[in-house]
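Biologist: I should be grateful for a close look at a single part of this model, namely one helix and the sheet it lies across. Please describe that part in detail, and then turn to a pocket elsewhere in the model.

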Amino acid sequence: MRELAISLYLLLFKFIFTLCRLFPLERKTTFISSFGDNVLYTVKELERMHSKEKIFILKTPSCREDFSETSATTILFTFTSFIQFVRGIYHIATSRVIMADNYFGFLAVTDLKDEVDCVQLWHAAGALKKFGLMDPSINSRTKNARERFRTVYSRFTHVVVGSEKMTSIFKRSFGISDDKFIRSGIPRTDFFYQLPVLSKYEKELAAQFPIIKQKKVILYAPTFRDGDLINPKIHLDLARMYQELGQEYVLFMRLHPAVKLDTANLFPNFVYDVSHYKNINPLLTISDILITDYSSIPFEYSLLNKPMIFYTYDLEEYMQIRGVEDSYIAELPGPIVKNTNSLIKTIKFHQYDMNKVNAFSRNWNTYSKGNASNQLVSILYEKEQSQRANVSFQLNEG
């Protein structure tokens with residue numbers, strides 16, 4: 001039934017796209033976004049460097065970013081808003097550049113024109129979880145589904161990376177060759193090099209949470225698990241943490257927005273729910289310790305040279321269901337703990353290895369040096385301008 005529904009959806013998408021493809025390409029860039037961070041930084045730089053470029057952002061319902069900092073036209077891209085949906089397909093079919101920050105299955109039925117650049121602007125700077133062709137769950141999917149995945153990956157003319165580590169993973173996960181990579185760095189990491197911006201957010205958060213001037217901040221940002229909506233649960237003994245750490249620390253919890261847990265009232269001046277923050281970067285700047293598990297946050301957080309702890313209470317189960325990269329355990333830039341007691345001990349006795357954090361950052365943020373957005377736009381659009389000039393020359397010669 002799932003495959004049938006997907007097939008019908010793609011059939012409709014292909015029909016609309018084929019009609020829209022009859023229109024000529026425009027000097028236009030269309031972004032397809034379900035995360036937002038990388039798109040936001042790229043759009044802002046594109047607007048600065050190429051003010052005449054028309055920019056459209058197709059935003060999925062899960063995207064937290066509102067893109068209000070840009071002048072781009074934002075379209076809610078969902079089948080339930082059918083007119084907007086058709087508008088979005090039109091822009092995909094008539095743009096010279098398309099950038100996507102995630103896997104979008106409908107790309108399998110978009111027969112893009114030869115001169116179109118389709119750029120994968122992946123939402124993470126690195127990968128601990130396996131994805132794409134390396135995801136263990138792909139073996140349980142149908143033959144049609146597996147073929148669809150490969151077709152989507154084949155659409156990418158370019159993939160943006162911040163390191164050779166990620167290049168290697170993309171080669172395996174997408175089945176693509178080395179010549180497709182743009183080694184510009186990850187746009188969203190530019191944030192961590194903008195000192196005035198960092199200072200601004202620190203002041204704003206300090207005004208909102210005055211307690212962070214007096215106590216250190218532990219940020220807990222776990223990976224969302226499929227069962228969290230059905231049975232939301234914090235796998236931490238918050239009472240014990242409150243008792244052991246409450247005098248020196250506060251605990252900021254950033255959970256999936258759909259997970260509703262009223263814990264702040266139980267532990268006043270210790271637990272703060274910051275799940276409503278659309279952008280995690282400001283929270284990273286004011287935190288002193290990060291607690292996470294399989295998320296991509298450590299790749300950016302390592303740029304701040306701060307300690308992190310990996311609370312992987314379900315590691316064995318997670319490895320079977322989702323899979324993690326083979327070097328996961330050896331490369332983690334922080335201690336691995338599986339229960340609250342070990343977590344408290346690690347924090348109280350500062351059991352961190354900052355040399356590992358530095359090495360981790362060097363390995364995964366090789367090309368992310370504060371100018372990634374500029375590098376990406378320069379590389380991609382200089383190529384575009386060169387191609388247009390060449391076409392114009394050939395026409396004049398003819």
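Modeller: In this predicted model, helix α12, formed by residues 340-348, lies across five strands: β8, β9, β11, β12 and β13. Relative to β12 (308-311), helix α12 runs at about 170 degrees. The sheet beneath this description is open and has six strands, in the order β10-β9-β8-β11-β12-β13, and its pairing is parallel. Its edges are formed by β10 (271-273) and β13 (336-337), each of which pairs on one side only. In general, strands of a sheet pair through backbone hydrogen bonds, either parallel or antiparallel. Within this sheet, strand β8 (residues 216-220) and strand β11 (residues 289-292) run parallel and are joined by three bridges. At one position along β8 and β11, Y220 stands opposite I291 of β11.

As for the pocket, the second largest one has a volume of about 370 Å³. Its lining comprises 20 residues, and those closest to the centre are L40, Y41, K44, E69 and Y201. Three elements give two or more residues to this lining: α2 (37-49), α6 (195-208) and α14 (372-397). Helix α2 supplies the largest share, with four residues. Sorted by class, the lining of the second largest pocket holds eight charged, seven nonpolar and five polar residues.

Definitions and conventions
Residues numbered from 1 in each chain as written. Predicted model: local features only at pLDDT ≥ 70, side-chain atom pairs only at ≥ 80, totals over all residues. Heavy atoms only, no water. Pairing = 2+ DSSP bridges. Contact = heavy atoms within 4.5 Å. Axes fitted to C-alpha atoms, helices over the stretch in contact; angles between N-to-C directions. 1 Å grid on protein atoms, 1.4 Å probe; cavity = no way out; pocket = protein on both sides within 12 Å on 5 of 7 lines; lining within 4 Å. Points joined across faces, edges and corners; volume = space filled by probe spheres on them. Nonpolar A, V, L, I, M, F, W, Y, C, P; charged D, E, K, R; others polar.
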